[in-house]
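Student: I would like a close look at one helix and at how it fits into its surroundings. Could you walk me through it slowly?

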Amino acid sequence: MALDSAKKSELLKKLEQGVVEFEDDEVRDAAQEWVDSGEDTYDAIFDGLVAGMEEVGRLFSAQEYFVPEMLMAADSLYIGLDILKPHMVARDSGVKGTVVIGTVQGDVHDIGKNIVKMMFDVAGFNVYDLGRDVALEDFLKKQLETNSDIVCLSAMMTTTMMGMPKVIEMIKEKNPNCRIMIGGAPITDDIVGKFGADATAKDASNALEEAVKMVVSLREIQKEANAKN
Amino acid sequence: MSEHTVIFQPSGRRGKIAKGANLLDAARSLGVEIESICGEKKTCGKCKVQVEEGFFEKYGVDSKVSNLSGWTKDEERMLSLAEKENKYRLSCLAHVQGDLLVFVPEESRGGKQVVRKKAGKLKHKPDPSLTIHYIEMKAPTLHDPEDDYLRVVAALKEQHGVAADRIDIHCLRVMAGALRQAQWKVTVFLLRGEIVRVAPGKVETYYGIAVDIGTTTVAAYLTDLKTGRAVATESKMNPQVIYGEDVMSRITYSMQNPGTGLEKMHNAIINTLNEMIGSLVEEHMITRDDILEMVMVCNTAMHHILLKLDPQYVGVAPFPTAMSKALDVRARDLGIGINISGSIHVLANEAGFVGADNCGVLIAEEPYNSEELMLIIDIGTNGELLLGSKKHGVLSCSVATGPALEGAQIKFGMRAAPGAIEKVEIDQENLEPRFKVIGKELWNIDAAEIEAKGICGSGIIDVVSEMFRAGIIDKGGRFSKHAPSERIRKDPQNGMPEYVLAYKKETSIGKDIVVTQGDVRAIQLAVGSIYAGAVIMMHEHGVEKVDKVVLAGAFGSHLNQFSCLLMGMFPDVPLDKILSVGNAAGDGARLCLVNKQKRAEADVMARKVRYLELTVYKEFERVFMKAMQFPHMEDQFPTVQHVLDEIPDWKKIAKEKEKA
């Protein structure tokens, strides 16, 4: 049974609102109904769930939502994704890149990193999450293995933040085109410059914006390089 | 016009200052008070400040004295050469030209910090490690040529039944003269079998000093070892604040400045301790030589810096300490100015993040002897929690409360000093506040001059709790869009909502004092982390509730217990089961000074406490998240339920009004 456009937009609205208002049941039902119809689930994910998460990100930036709301929304989002993703027809989604993300050695705080990771997930990035307390050289290893566009480093403590410039140096030496984003409580714009990173972000949706920008600029560099060849 | 970041320590106030402004004006605009008696007429020389040079990671500030306008003739006249070399400037004459970190020395500070580390009453009888014994001996003769040392040892044995088996070299060097001058009638000071002092005649009272080295403040108690009473108290800012406000940034400072960073911070604390010892003995008309033993408690990082141990490993997971066991060090090895034969006892650390200060709390409160299950919360720059009873044993954990509860990282936060708003009530109907500031008796609404400068820790807890009670913010900490008050407005710079606690006319800083959405968030994180720590420990013990909550810490005793409970800082208990015990860490230090059984107990109990590393608990994220809501996303708070039921729902009220 195919979905007519009225039904489609109703379900999309349900998915979106369900995420924004953490209505797990709404999301589950709408996602299931979509899957049962046999339609490709691509739109349901991106125009429904992800649209909702983008709104959550906006509310978070505006400080209307806080960590608990963010995590509750994420729960609803993942409920929907679990149902919809297996039925999605793969396609090229434009500017989406590969990200290696983790909390640096000595640091075990990862709530912030998990939120950023989730935003990448929903935006369709290929995410390699190394977890927390990650040995510095493991970031380099994974970057080389996956040839990721971006490496994201997180630290909550000033003591562990000091490991970041070492990772940045290692990666930039092997792969100067890789973009590096750093984040966490002690990170400021000045630190970004001092450590030689490419960007920081004050919250998750900001991180996503920055990441998309970085990927776009990387692709342009590559295009230029290809054109020359 | 270009602006530069200027940070004032030890208050931690910081902000962007327009290029060319003088430091005195910069300080005022940030709510930092600097003495200026002459009113910028360049005559008093009181507004001295010191520029700290270096790159400070935490602020991203590269501070140097050349970021100020040039040295002036007036400063040449009023400051000493040594001061010039140590980068002192007069704040009315030095103009901002770049980023700066400026230290305001004690003597230049207007408005002294209020000492909130008063000594409590001890529950144990004195039985100190350091004992004194009056002995009389016969002078040696040709028939009795025994050496001086054995003569003293024998007299101690015969006259008091105490055993001495060694003597400190410095004491020995002066003993021969002392014995003869006093005609062989002396009082011997004995510390764990060692003779450390021989004083002429009969000494009746003697003293020791207990010290609590906090990240922010240091408190020292001159204690009568016969009665156990604190006879004088001294409190100072920890001078290390200029190198970083929290332990992590201090450890980073040490890592970033190998060879000099640790040394600088170590020397700073030793100097401060020596100054404090000086004032204590002077106040009590005794001398430094009269002090033979000190007991110190501090968190792990302060412990390492005090002993000049490399603190970097304590700063990263898995946070191992150099040594957990209690330690006895000669005062002279640390350069601490008491009797040259004197000794320093440093209490045991429990775990990487739970230091000797918590050990002090542990033995002062004795949860291991309690029939009731006690939750002890020691709130400082870090929060340390203990949960236990005789039956359950004791667990500890450390929670990153952040400095918000001490008034830092709060837009108008400040330390507890005159002018700080410390108590707040908000009317549930008209949403008007009334508040009290430190140093004034009356509520603001009854006083002619209020001169509020900022909000201290207990004030910020009160105001956020009251905003919740009045429906200005909701359970999730979000500002209500419907609460009818002019005091709720938007910050024109970032569009975030804020609540005006004090209008400009009630403040001495020339602007309104507000509570921002960001402030509420910081408090949610702090309160949530404490509750989450408690919950994980309760899971570990397999219990559903606690019987009693003890709030310790300098600041704990000034908290409004009801406000804390309404925000859900800890699990629900009846209000009469919430106790404030003041500086329990300092009390524990004093106990160890005056009672040797307690000292032995401390070392044993510190080993028995089981430390939980919260971040390894998978459920921590969820538990923490739920605890961030006021009072909690799910858990019940019967004690304050009637208050929760009365919170006005402004959205509903607005809708009803519309209908009508």
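Student: Which residue follows α7(B), and what is the sign of its phi?

Tutor: Happy to! Met285(B) follows α7(B), and the phi of Met285(B) is positive, near 55°. Before we go on, a word on how to read the model. It is a predicted model, in which local features need pLDDT of at least 70 and side-chain atom pairs count only at pLDDT 80 or more, while totals for chains, interfaces and linings use all residues. Residues are numbered from 1 along each chain as its sequence is written, chains are lettered from A and ligands are numbered from 1, both in the order in which they are written.

Let's start with the helix itself. Helices here are DSSP runs of H or I with at least four residues, strands are runs of E with at least two, and both are numbered from the N terminus. Helix α7(B) covers residues 261-283. Its 23 residues should span 33 Å at 1.5 Å a residue, and because its end C-alpha atoms are 33 Å apart, the two values agree. (The expected span is 1.5 Å times one less than the number of residues.)

Now look at which residues of the helix are hidden. A residue is buried if 20 or more other C-beta atoms lie within 10 Å of its own, exposed if 12 or fewer do, and partly exposed in between, with C-beta atoms placed from the backbone. In α7(B), the buried residues include Leu262(B), Met265(B), His266(B), Ile269(B) and Leu273(B). Further along, Met276(B), Ile277(B), Leu280(B) and Val281(B) are also among them. An α-helix has 3.6 residues a turn, so residues three or four places apart point the same way.

What covers these buried residues? The cover of α7(B) includes the strands β12 (207-213), β13 (217-224), β14 (230-237) and β15 (291-298) of chain B. The helices α6 and α8 (300-306) of chain B are also part of that cover.

α6(B), residues 247-256, appears again at the boundary between the chains. There, 26 residues of chain B are in contact with 22 residues of chain A, where contact means that the C-beta atoms, placed from the backbone, lie within 7 Å. On the side of chain B that touches chain A, α6(B), α12 (517-541) and α16 (620-627) each give two or more residues. α6(B) gives the most, with 5 residues. That side divides into 9 nonpolar, 11 polar and 6 charged residues. (Ala, Val, Leu, Ile, Met, Phe, Trp, Tyr, Cys and Pro count as nonpolar, Asp, Glu, Lys and Arg as charged, and the others, Gly among them, as polar.)

Finally, step back to the whole chain. Chain B has 18 helices and 29 strands, and 52% of its 660 residues count as buried. Among its contacts between residues at least 6 apart in sequence, 69% join residues at least 24 apart. An automatic or database assignment sets the domain bounds, and it divides chain B into domain 1 (3-108), domain 2 (111-346) and domain 3 (364-660). The C-alpha centres of domain 2 and domain 3 of chain B lie 36 Å apart. The C-alpha atoms of chain B fill a box of roughly 110 × 70 × 45 Å along the principal axes. With 660 residues, a compact globule would have a radius of gyration near 26 Å, and the 27 Å of chain B agrees with that. (This radius is taken over C-alpha atoms, and the globule rule is 2.2 Å times the number of residues to the power 0.38.)

Conventions:
Two residues are in contact if their C-beta atoms, placed from the backbone, lie within 7 Å.
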